[in-house]
Number of protein chains: 4
Amino acid sequence: MKTFVKYTPQKFDECVNLHEVEQLAINKLTDNSLSYYYSGAGDEETLKENKDAFRRIHLNPRVLVDVSHIDTSCNILGQKISMPICIAPSALHKLASEKGENDTASAAHKLNTLMILSTLSSVKLEDVAESNKTGLRWFQLYVLKDREFTANIIKRAQKSGFKAIVLTVDAPILGSRERDQRVKFSLPKEISYENLTQTVLDSKQITQEEIKHSSSQIFNLFLDKMDPSLNWEVIKWIRSITTLPLILKGVHRADDAVLAAEMGVNGIIVSNHGGRQLDTVLSGVELLIPIAQALKKYRNIEIYVDGGIRRGTDVFKCLALGAKAVFLGRPILYGLACEGENGVRRVIEIIYKELVICMKLCGCRKVSEIGRDMVILKRTKF
Amino acid sequence: MKTFVKYTPQKFDECVNLHEVEQLAINKLTDNSLSYYYSGAGDEETLKENKDAFRRIHLNPRVLVDVSHIDTSCNILGQKISMPICIAPSALHKLASEKGENDTASAAHKLNTLMILSTLSSVKLEDVAESNKTGLRWFQLYVLKDREFTANIIKRAQKSGFKAIVLTVDAPILGSRERDQRVKFSLPKEISYENLTQTVLDSKQITQEEIKHSSSQIFNLFLDKMDPSLNWEVIKWIRSITTLPLILKGVHRADDAVLAAEMGVNGIIVSNHGGRQLDTVLSGVELLIPIAQALKKYRNIEIYVDGGIRRGTDVFKCLALGAKAVFLGRPILYGLACEGENGVRRVIEIIYKELVICMKLCGCRKVSEIGRDMVILKRTKF
Amino acid sequence: MKTFVKYTPQKFDECVNLHEVEQLAINKLTDNSLSYYYSGAGDEETLKENKDAFRRIHLNPRVLVDVSHIDTSCNILGQKISMPICIAPSALHKLASEKGENDTASAAHKLNTLMILSTLSSVKLEDVAESNKTGLRWFQLYVLKDREFTANIIKRAQKSGFKAIVLTVDAPILGSRERDQRVKFSLPKEISYENLTQTVLDSKQITQEEIKHSSSQIFNLFLDKMDPSLNWEVIKWIRSITTLPLILKGVHRADDAVLAAEMGVNGIIVSNHGGRQLDTVLSGVELLIPIAQALKKYRNIEIYVDGGIRRGTDVFKCLALGAKAVFLGRPILYGLACEGENGVRRVIEIIYKELVICMKLCGCRKVSEIGRDMVILKRTKF
Amino acid sequence: MKTFVKYTPQKFDECVNLHEVEQLAINKLTDNSLSYYYSGAGDEETLKENKDAFRRIHLNPRVLVDVSHIDTSCNILGQKISMPICIAPSALHKLASEKGENDTASAAHKLNTLMILSTLSSVKLEDVAESNKTGLRWFQLYVLKDREFTANIIKRAQKSGFKAIVLTVDAPILGSRERDQRVKFSLPKEISYENLTQTVLDSKQITQEEIKHSSSQIFNLFLDKMDPSLNWEVIKWIRSITTLPLILKGVHRADDAVLAAEMGVNGIIVSNHGGRQLDTVLSGVELLIPIAQALKKYRNIEIYVDGGIRRGTDVFKCLALGAKAVFLGRPILYGLACEGENGVRRVIEIIYKELVICMKLCGCRKVSEIGRDMVILKRTKF
């Protein structure tokens, strides 16, 4: 039997979907960088589930709706953006492109969408802000043992025009990513954590015992600098430092989500950290379901989600299940690796176009029409 | 271990089932044509599910019934045909055989079954009618932005003896079929959309922006000509133009099916467009289940179904779950590619013979005996 | 990684399980014979399910039971046999060994278990009876269009000491077995249906139309000779001819099983004919579950089952779910192909030994202790 | 597409998880030893399920808990050990390392955890005790037909400082392990069952009939020496000989577990014997669920579990589902094969470190905080 045209794109502009962008990027990245970007925790079950879960959720399209005009814009914490597809925080964009986070921020800006900058960025937050003044940016925060430094970086972010603080709550310690350990991930000389001051980096508190079975620089950084004693008190502490809205990233349980709402948190990103922290937790979209249910009666908290989103239909399903917007992680890095700012832009444009087609074929003219009845959860439930 | 006789047929008349016909056809068709016929939307999950779903539905045969006489005839909108297996509308049959839709219509006619001709046929509807005068034919309608042309083609169909209008409702825009995009599907010079007048084809309304990420001629045709503003008002409009019965093709939801019934529509084809429009919708036969349930109390609307039907047992299962008849899409095109009219006939004869065996082994002597109790839906439900 | 010892037995006496016997037999049989023995209907889904279903049924063993003495004997229609493992009827044993059904009958006799001889045996029923006088034998009956011949063969069976008539009810027509069609199965010259008289075989009633798409001699035999008008009346007719107990083989539905019980049938073999008749019916063991449930209140009917039984644990599960005994089909033929009578004996001894181990490890000392609570049906049900 | 770094470790200290340790060990062991260690019963369905079941159980992590201090210690029958990860009894450690059980005991001792020594150890129980005086050890008991010997070995164990008797209840006969039969497993000359006295070994009671289809020395040993008449009376008998606590290993059913509790047994190890006894029983962790439920109201019995535990997340899931501790079987032997005492230690350290990470990422600071709500049982249940 003739196998037919299995097209592996040779050039970036031939890519018709994000899977192909990923393929190209894998070929471009060094083993060191790829292992860092690609790896999930443990047996990478959750890494795989993040994508697979979407195949178990079915669309339920409505026909004969006038879809000649589609409006994808949405409001995130009161700010209007062009689409409910945003850029998740991730470390070290310079592993993928020379200008690193500056490329990413420019792309987000030009498409009028939101980017979250990581504490562990390879470009200084002030520089990212400077080169993309008007774009909507939030700042992802890791709370370090050094609370003075932490307070300071929050203030720096606010001063530089970041519009919210996104506190990562699922990383009191780094997950065990075995690909990193096997390649013994290390920072290339020309790249560093530009937001971290020299003082912070110099104070070695890590013990020999702790690094014994670890071979990854990033893992060691966490053991050494990040604060594993983080608890719900930190919310009050952050509120005492900044007036910015506060988002929790990495909430998994409905009771934790309710607690966040009760404490006045402005938003949560339902996330398993791209399957990189704890293996065998549920996929991002499956975590979303009970959380959205539990937060129905709380009006002042917004829900976002990330994890395995590769198709416009994935975005649509997340919205139907209660998310206000979704965040893309690895695909952004893959676009960056392929063609810098242009690569990021094209990645977002591809999935955006798919979302538009999905909305048209489902009979939803604006994101507010993407209701719970647009998806069917159980394949076997009729 | 000796692997035993894996027979790949070399000749069409050695094919014992529709899978083998497909294999032969794949070898015969050009990449351009094959990509167009074979492709599904997105990751082709629904394309695959259309076939797989039948494996999850089990037969529940009755024994010791006298099956020496089997009657497969059925009534469709009051017309008797020889079997509940009909030909779905599909575009451009000349991609598969020289005489295109004329071959298909002849085969349908000789077997005394129903064929639906596509708006996008490669033979003019009047010519198809002329060469097969007495065969039962319905006309599939795409509503174009040019409503005058649309009204006119409805009248042409009625005048040429087509007995119903089948309005496609799941294609306000074409689904994203990546195989088409990769081969940049284009019409061979000698083939054209014969029902579309030159005026219609000439009025280019498509913008450069719209075709930016699209490389397929058929995709562009939809962007340019088809009317994405279609809504339930169109039913009244069609009724004002023709006295023919009206069928909606592409209904997915039970509430839409009920709406159609309430509006006096004569029939619906439950269909996901062969998995070509929106990926990750349910399979055709699974869509059928809640719709048949919801329409139980409506006497004046008939239900048909298509999607992934390759075996007589598949036909039988659809009838058991509430369909009056099923429609074959790709298998017809594969038969056409193998041996023109004769190929189409043989495809239908193979699956017809399987249906007869299935009816005999299930103890159902006529289609009206194929009740809901003849299938078991959940493998694990006892 | 070193792959370790994957032992493919070279000699029959090295086989440790029935899978290995099958492997050896596949190598020994001609394509013609193998296709006939091995083939299932359609896509062979049910053929596969017959085996797979046992993996979804879990054992629930009881510990600390004195299992120093195990009694596997059981009573079948009042006759005691040594084990609840019997030989299913199958056609043409001479395709596998020179002495054909005589070998099979000897093995059954020596192990003191029951064999059912097929109407389509390649040794005359009187000869089988003659060479194994005291062994327990039942006679499988196909009702032919020629009712005089049929009445006569029933009388011959009773006269020759067969102790029950096993009426096949799931074959008004033969299932479509595509392996047979591909090799165009035909009888070797030296082998014939020895129970069928010349008169019966000569009267050709089959039409050209009917054999059009069929290429298998066995399929044609059915079209020509077997009676597709069989219905529940046949029970009275058989009762009028013989005093032997009557078993129905091939019952699939609980309502048909109840009907059989109400009509005074003595036993049923729950069976899908080895997946050879109608594809996508449930596995034998899954069919058993609702039937055993429905027949609970009927004391005078016994339930047996066949289909995919390859392990002692499979036998045990069938007993737990309500069967009085199980029947082996293909494994007997594979044993026969490997080493004639000795091969059949060894096949039964292997699975018998497995049953004994299973009973010991489950804490069941006799077959009557193998109750419903010894199995867990749903993997996910706790 | 570049496949990236698939690291197969060349050296033991490069192994980052227990799968890699297994791989290395497979390369080191002889076929004879490997077959004995690796093999499961029958088709090895349960062997496989033991691992796979953990993938169907999902973690439900709590965030924003101060996890700067983690305490993994636990109490087992009143004795504090450093972690809830213990060493299951297994036979013949000298097949893997020269010092055999002495290596294993030393490793357990140094990590301050519990080891269970097998009746079938290749080092005398007194010698194991002598070389690791203060380590916590329990003694696994097979009850032999020779009850005098059995009584004596119980006394020897108590005298040598073993702190509990672990009675194996799922092996009245050995399961059928086909890998053993294929390699005809036999003891290397220099290795023997050191706890069994010569008198016991000499009295051959096994008949020729019984060993007919068996080719494995270990299987024969069971046929010959072990007592298949074992029943619940044995508990009283053991109580009459020793004051040590009594644990039953191999309980599968909730009703048997309740019976054990009612009879005053001190603990049970829920276990399917590593999938080596009866194929198609449920996985260890799935057996645990209904048993833990049924024993809720019994305060004086502890529950442990083994089977397929390879990850810290597996340990955590067992604790969440009601186990006080888990036991590792094959991974210990693989560590032993790789590097003797050091290998065992490293195996435990790897999974221990994973457990610590899992506890931190789940927000559980001590084992008592690992409650039932920390896991989600059904992937599809929201």
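Buried means under 20% relative accessible area. The model used in these exercises is predicted.

**Exercise 1.** Decide whether helix H4 (residues 101-110) of chain D is largely enclosed or not, and find what covers it.

Solution.
1. Apply the cut-off to the helix: the buried residues of H4(D) are D:Glu101, D:Asn102, D:Asp103, D:Thr104, D:Ala105, D:Ser106, D:Ala107 and D:Ala108.
2. Eight of its ten residues are therefore buried, so H4 of chain D is largely enclosed by the rest of the structure.
3. The cover over these buried residues includes strand E4 (85-87), strand E5 (115-117), helix H5 (125-131) and H15 of chain D.
4. Just after H4(D), the chain reaches D:Asn112, which has a positive phi of about 55°.

**Exercise 2.** Describe the largest nonpolar core and the surroundings of D:Phe316.

Solution.
1. Count the members: the largest nonpolar core has 144 residues.
2. Those with the most contacts inside this core are D:Leu120, D:Trp138, D:Leu248, D:Ile268 and D:Phe316.
3. Helix H15 (residues 330-362) of chain D gives the core its largest share, 17 residues.
4. Setting aside neighbours within four places in sequence, D:Phe316 is in contact with residues including D:Leu59, D:Leu355, D:Met359 and D:Ile370.

**Exercise 3.** Find the rotation that relates chain D to chain C, and state which chain pairs lack contact.

Solution.
1. Chain D superposes on chain C by a rotation of 90° with 0.0 Å of shift along its axis (RMSD 0.0 Å).
2. That is the relation of a four-fold axis.
3. Chain A and chain C have no contact, and their closest C-alpha atoms lie 15 Å apart.
4. Chain B and chain D also have no contact, with closest C-alpha atoms 15 Å apart.

Key: Residues are numbered from 1 along each chain as its sequence is written. Chains are lettered from A and ligands numbered from 1 in the order in which they are written. This is a predicted model: local features need pLDDT of at least 70, side-chain atom pairs count only at pLDDT 80 or more; totals for chains, interfaces and linings use all residues. Side-chain values use heavy atoms; hydrogens and water are left out. Copies are superposed by least squares on the C-alpha atoms of residues with pLDDT of at least 70 in both. A nonpolar core is a set of buried Ala, Val, Leu, Ile, Met, Phe, Trp, Tyr and Cys residues joined through side-chain atoms within 4.5 Å. Buried means under 20% relative accessible area, exposed over 50%, partly exposed in between (1.4 Å probe, protein chains only). Helices (H or I, at least four residues) and strands (E, at least two) are DSSP runs, numbered from the N terminus. Contact means heavy atoms within 4.5 Å.
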